Amino acid sequence: MAPGGPPGPVAASLLLAVVLLGAASLAPPPPEAFQAGPAASAASFPLPASAAPARRYLLYDVNPPEGFNLRRDVYIRIASLIKTLSKSEPWVLVLPPWGRLYHWQSPVIHQIQIPWFEFFDIPSLNKNIPVIEYEEFLAESGGPFIEQIYVLQNYAEGWKEGTWEEKIDERPCIDQPTYSMDKNKYYRSKRVRFLCFGFSSAALGLPVWQGFPHSPFPISSGTGTVHRKPENGTLTAPPVTRRPSQRSPTFGNEPVPRGWFWGYEETRGLELSCFSVQGSASILAPLLWNTSARSVLLDRAENLLHDHYAGKDYWDTRRSMVFAKHLRVVGDLFRATYLNSTDEKDRTQYIEDWTKMKVKLGTAIGGPYLGVHLRRKDFIWGHRSDVPSIQGAVKKITSLRKLHNLERIFIATDAVTDAWEAAEADRQDPGHSVAAAATPEGERHGAAPNDKCVGHRALPGRKCRRPHE
């Protein structure tokens, strides 16, 4: 071909071949790759054989009336399950947003969709197991859909005396399911007016959102159903009894009372089943390994037991639950201002990386004050024989203060009025000062580093652990 002239026949053929090869290498993806929803999955785009498998998501929730401490304990149980699941494939725990606990009775404060970083240090949690916030899950998974919901429950026949046996079976829902099906056959949440211990929330003088979302409708065990049976593989251990799928029950034309998906009203569940469980958290591992769902919600997860209570894994998880820095700053300021207590004086210095913190037993001396966890209100209803009266609590607090020669008292309670009544009643005992915290949830950091601590039964309090514990 002459410079500047048209290409010859051979050159033109070569040029055409190069263009065709380039076009083939840039062929568009299949049409389904551009579709929204489940069709737009990783399978639409071939990945190299060495690519890591997509991680799966485990979510959980507990009985709505449960308080902060029980929810924290359930996290430890689910962390054990995550460790078991992760031995075979990548799983991540989606942290359930906080909101509307019974003891949170400040109506001017936003109390739904509260992420975990408001209470706990997320990097510390991640040093133990992989965790993400719920809104991170929404971004990663492609939308507000949970593919499978397992509602956990006890066995209707209870546990009979004899040899303890860990087992799991798919059964009819014993309690009224807390989900309703929308017109698209997705399980959704919807807030309802509910009853509380036989009294309406209004009768108790509480805003509706402060009561317990418990169904007032009685229902026989035969009415509860297993909804839209998933096509799971056969489990090898433990055995799971399957039942035919049925439609979601209703009361007339009204949907059944339902859960709330942590305040995210747009969230939907695709499949729902009820399982009776008796055993530790990891008993669910075979079920989860054999389901094809990428995201699974375990509702009523408090029905699971610890894998190894007080074992190494238990304490690793417990130690990883470091309170958020901004809360510790407020607690430290309160201690220094009102309780003459600092980490340096109390020998309770904390290292930010809990995995590197080693403390010799007996080195901490604690702060110069008496910490008291005084439970009132709802706790009295179910523990009248165990909880002392205000007068009895004052008498015990006074004797302990004198016994240990302490001048300051820190009272953590859910009844501020009662706490101050106790302080006023104890005025005949001069030479001391009282500081009070409004809620049990606010007491943890304040009571933890003290010298002496008592619980609601005027005994050594189980909540009274120093930060390094």
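1. Strand E7 (residues 187–188) pairs with strand E12 in the antiparallel sense, over 2 bridges. Within this pairing, Arg-188 stands opposite Arg-268 of E12. The model is predicted, and the remarks in this note should be read accordingly.

2. A second antiparallel partner of E12 is strand E5 (residues 167–170), and 4 bridges connect the two. One of the residue pairs concerned is Lys-167 with Gln-278, the latter belonging to E12.

3. Strand E4 (residues 145–153) also pairs with E12, but here the strands run parallel, with 8 bridges between them. Ile-146 has Gly-269 of E12 as its bridge partner. E12 thus appears in a parallel pairing with E4 as well as in antiparallel pairings with E5 and E7.

4. Strand E12 itself spans residues 268–278 and is mostly covered, since 10 of its 11 residues are buried under the cut-off of 20% relative accessible area. For the protein chain, the share of buried residues is 45% of 469.

5. The disulfide content deserves a separate point. A search of the whole structure returns 1 disulfide. Cys-173 and Cys-274 form this bond, and their sulfur atoms lie 1.9 Å apart, which falls within the 2.5 Å cut-off for a disulfide. The torsion about the S-S bond is about 85°, so the disulfide is right-handed.

6. As to the placement of this bond, Cys-173 sits in the loop between E5 and strand E6 (180–181), whereas Cys-274 is in strand E12; the disulfide therefore ties together parts of the chain that are 101 residues apart in sequence. Both cysteines, Cys-173 and Cys-274, are buried. E12 is therefore linked to the loop after E5 through Cys-274, and E5 pairs with E12 over 4 bridges.

7. Some remarks on the whole chain complete the note. The secondary structure of the protein chain consists of 12 helices and 17 strands. Among contacts with a separation of 6 or more, 76% are between residues 24 or more positions apart. The chain exposes about 24,700 Å², and carbon and sulfur atoms supply 57% of this area.

Terms used
Residues are numbered from 1 along each chain as its sequence is written. This is a predicted model: local features need pLDDT of at least 70, side-chain atom pairs count only at pLDDT 80 or more; totals for chains, interfaces and linings use all residues. Side-chain values use heavy atoms; hydrogens and water are left out. Buried means under 20% relative accessible area, exposed over 50%, partly exposed in between (1.4 Å probe, protein chains only). Contact means heavy atoms within 4.5 Å. Accessible areas come from the Shrake-Rupley method with a 1.4 Å probe; for residues, only the protein chains shown count as cover. Two strands pair if DSSP finds at least two bridges between them.
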